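Me: I am new to this structure and would like to know what the words used for it really rest on. Could you take my questions in turn?

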Amino acid sequence: MKMAALCSEFGDLAQIKKQLISVISLCKERGLLHSAKWASELAFALDPLPKDELPPAPPFTEEDAQDLDALTLAKSYFDLKEYDRAAYFLKGCCSQKAYFLYMYSRYLSGEKKKDDETVDSLGPLEKGQVRNEALRELRVELSRKHCARELDGFTLYLYGVVLRKLDLLKEAVEVFVEAIQVLPLHWGAWLELSNLITNIEMLKSLSLPDCWIKDFFMAHMYTELQMIKEALQKYQNLIEAGFSKSTYIISQIAVAYHNIRDIDQALALFNQLREQDPYRIDNMDTFSNLLYVKSMKPELSYLAHNLVEIDKYRVETCCVIGNYYSLRSQHEKAALYFQRALKLNPRCLGAWTLMGHEYMEMKNTSAAIQAYRHAIEVNKRDYRAWYGLGQTYEILKMPFYCLYYYRKAHQLRPNDSRMLVALGESYEKLSQQVEAKKCYWRAYSVGDVEKMALLKLAKLHEQLNESDDAAQCYMLYIQDIFSCGEQLEHAEVSTALRYLGQYYFKNKLYDEASLCAQRCCDYNDAREEGKALLRQISQVRDQVETPSADLFAPLSNNTPVRRVSPLNLISFTP
């Protein structure tokens, strides 16, 4: 029943295939190769059409016939990246196709000159004032045509790109929405629009056409806005609707799992993707990030060598090699490969962020700050760059700056405990203890990845002489660590046990104090204190013991700590 409902929502899959075949042809004619590739991969995932059901060629107008020779010649120059030459022969052509290629050639010529000048004269970290000089002229011409309603879906897309490059973002959003309404099947316009959407409210406010491709866009946007649960549901719906063979969907699901740090699931999907499409380079930089996090040196080495054999001058290949050298702690070499990636594509978000990490490792904070700032210029939703900036200013002992950048990172990743712990540390340094407590408790509540939030909260309570709250947090911390089976690797357990032993002793709960003291003896740094506490307990055992107090009565209002049962250390073996 569910499958039927989805198919009806998507209509006839054969009809979708026809639409994809048509738009592939239209994009190829205009040099929009990435959109053509996306549509081709999606069409490949659907069943082939019988010969008599293939879509007819697009209508050929009198203007097309008149411009045919010039367009054929110019397209051959365009394909060889001779953009000025292509534009020269298209000047004066009047068909829609020729006009788009004429304007697009001028735009790409300006972009190529800008990138060449940036790389040659400035180096990857210098900001400079290099601009695409063609943008203003293109805007004037396209604006005039737009007012006269003479732009088709493709030229509207180009107009939107020009506006975005000139930082006229509000106008760009309006034009991209218009381009999508005129030509819903052009994926490039949807992607450009996705880069300008900053939050879910803005997404909901847009008037988008009700077309099957909108589901792909919404899934992509949910991933970008870190709404991973919704994104995974959308992709699952698409798979059930008939796109189960789509490598694009598999890669997007893998990226979604990467974003929520479900590393094993993401790795499994990337390995599946490599089996289906062994020469694929797209998204392999994300795959290498996962291998890096898991310290899988042989696998990362194999991936790097494999990609070098396929195409050593791809951005993703350079990023994978950079990650490999970073894992081997060869940070200068790693930074060099990230710089190479940026020479190939100065707008490569991952390379800017990863280069910032390498400069951090080399203690070059000024270069790290510049790299992270470039990453944010490319994409303001990159939480890693905001977080990286917070870390660099932390090293520079500038907590007000830290707070600003960590807040930005937290807004993008509200349920990431690392951002919350970093925020708490910044508040603590600024003597804003109430805010720090809230951050640490929230970090624990959302699932503390690094198991540090409760410890930091306990130490903060300890500094403020809030002994009951501190003890409660230390208890929760120890239970958390023991339940994960990580107690031997975690040095701070002895700190918690030492405090709890003294706390129980002061409250005349000698059985619990004795247990903590015995456990202290299992740790080198707390052994002597544990023995001393045991001696103290044995001395007071001779006296009449006071009945145990109610340790777990409601705590002070500073921390919203829940009630827990008394700490049962007997059941755990360190």
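What follows is a set of questions and replies about the terms used for this structure.

Me: What kind of model is this, and how are residues numbered?

Reply: It is a predicted model, in which local features need pLDDT of at least 70, side-chain atom pairs count only at pLDDT 80 or more, and totals for chains, interfaces and linings use all residues. Residues are numbered from 1 along each chain as its sequence is written, and side-chain values use heavy atoms, with hydrogens and water left out.

Me: How many helices and strands does the protein have, and what makes a helix or a strand here?

Reply: The protein has 30 helices and zero strands. Both are DSSP runs numbered from the N terminus: a helix is H or I with at least four residues, and a strand is E with at least two.

Me: Why is Lys75 called buried?

Reply: Buried means under 20% relative accessible area, exposed means over 50%, and partly exposed is in between (1.4 Å probe, protein chains only). Lys75 has 16% relative accessibility, so Lys75 counts as buried. Asp79 has 48%, so Asp79 counts as partly exposed. Across the protein, buried residues make up 51% of the 574 residues.

Me: What makes Lys75 and Asp79 a salt bridge?

Reply: In general, side chains of opposite charge can pair when their charged atoms come close. The term asks for a side-chain nitrogen of Lys or Arg within 4 Å of a carboxyl oxygen of Asp or Glu. For Lys75 and Asp79 the N to O distance is 2.7 Å, so the pair meets the definition. Both residues lie in helix H4 (residues 62–79), four residues apart, about one turn of the helix.

Me: Which other pairs pass the salt bridge test?

Reply: Lys145 and Glu150 are one such pair, at 3.5 Å from N to O. Glu150 is partly exposed, because its relative accessibility is 40%. Lys429 and Glu394 also form a salt bridge, with their closest N and O atoms 3.4 Å apart. Lys429 lies in helix H24 (residues 417–429) and Glu394 in helix H22, so this pair ties together parts that are 35 residues apart in sequence. Glu394 has 25% relative accessibility and therefore counts as partly exposed. A search of the whole structure finds 25 salt bridges. Lys37, Asp282, Arg314 and Glu316 are linked in a network of them.

Me: How do you know that Asp285 has no salt bridge?

Reply: Lys and Arg count as positive and Asp and Glu as negative, while His and the chain ends are not counted. The nearest side chain of opposite charge to Asp285 is Arg384, 7.6 Å away, so the 4 Å limit is not met. Asp285 is buried all the same, and its place is in helix H16 (residues 284–293).

Me: Which residues does Asp285 touch, and what counts as a contact?

Reply: A contact means heavy atoms within 4.5 Å. Leaving out residues up to four places away in sequence, Asp285 touches Glu316, Cys319, Val320 and Asn323.

Me: What makes a space a cavity, and how many are there of 30 Å³ or more?

Reply: On a 1 Å grid over the protein atoms alone, a cavity is a set of points where a 1.4 Å probe fits but cannot get out, and lining residues have an atom within 4 Å of a point. Grid points are joined across faces, edges and corners, and a volume is the space filled by probe spheres set on the points. The structure holds two cavities of 30 Å³ or more. The largest has a volume of about 40 Å³, and its lining includes Tyr444, Asp448 and Lys451. Helix H27 gives the most to this lining, with three residues. The second largest cavity has a volume of about 30 Å³ and is lined by Arg498, Gln502, Cys520, Glu529, Gly530 and Leu533.

Me: Why is the second largest pocket called a pocket?

Reply: A pocket is an open set with protein on both sides within 12 Å along at least five of seven lines. About 750 Å³ of space lies in the second largest one. Of the 25 residues that line it, the closest to its centre are Arg261, Val293, His357, Arg384 and Arg418.
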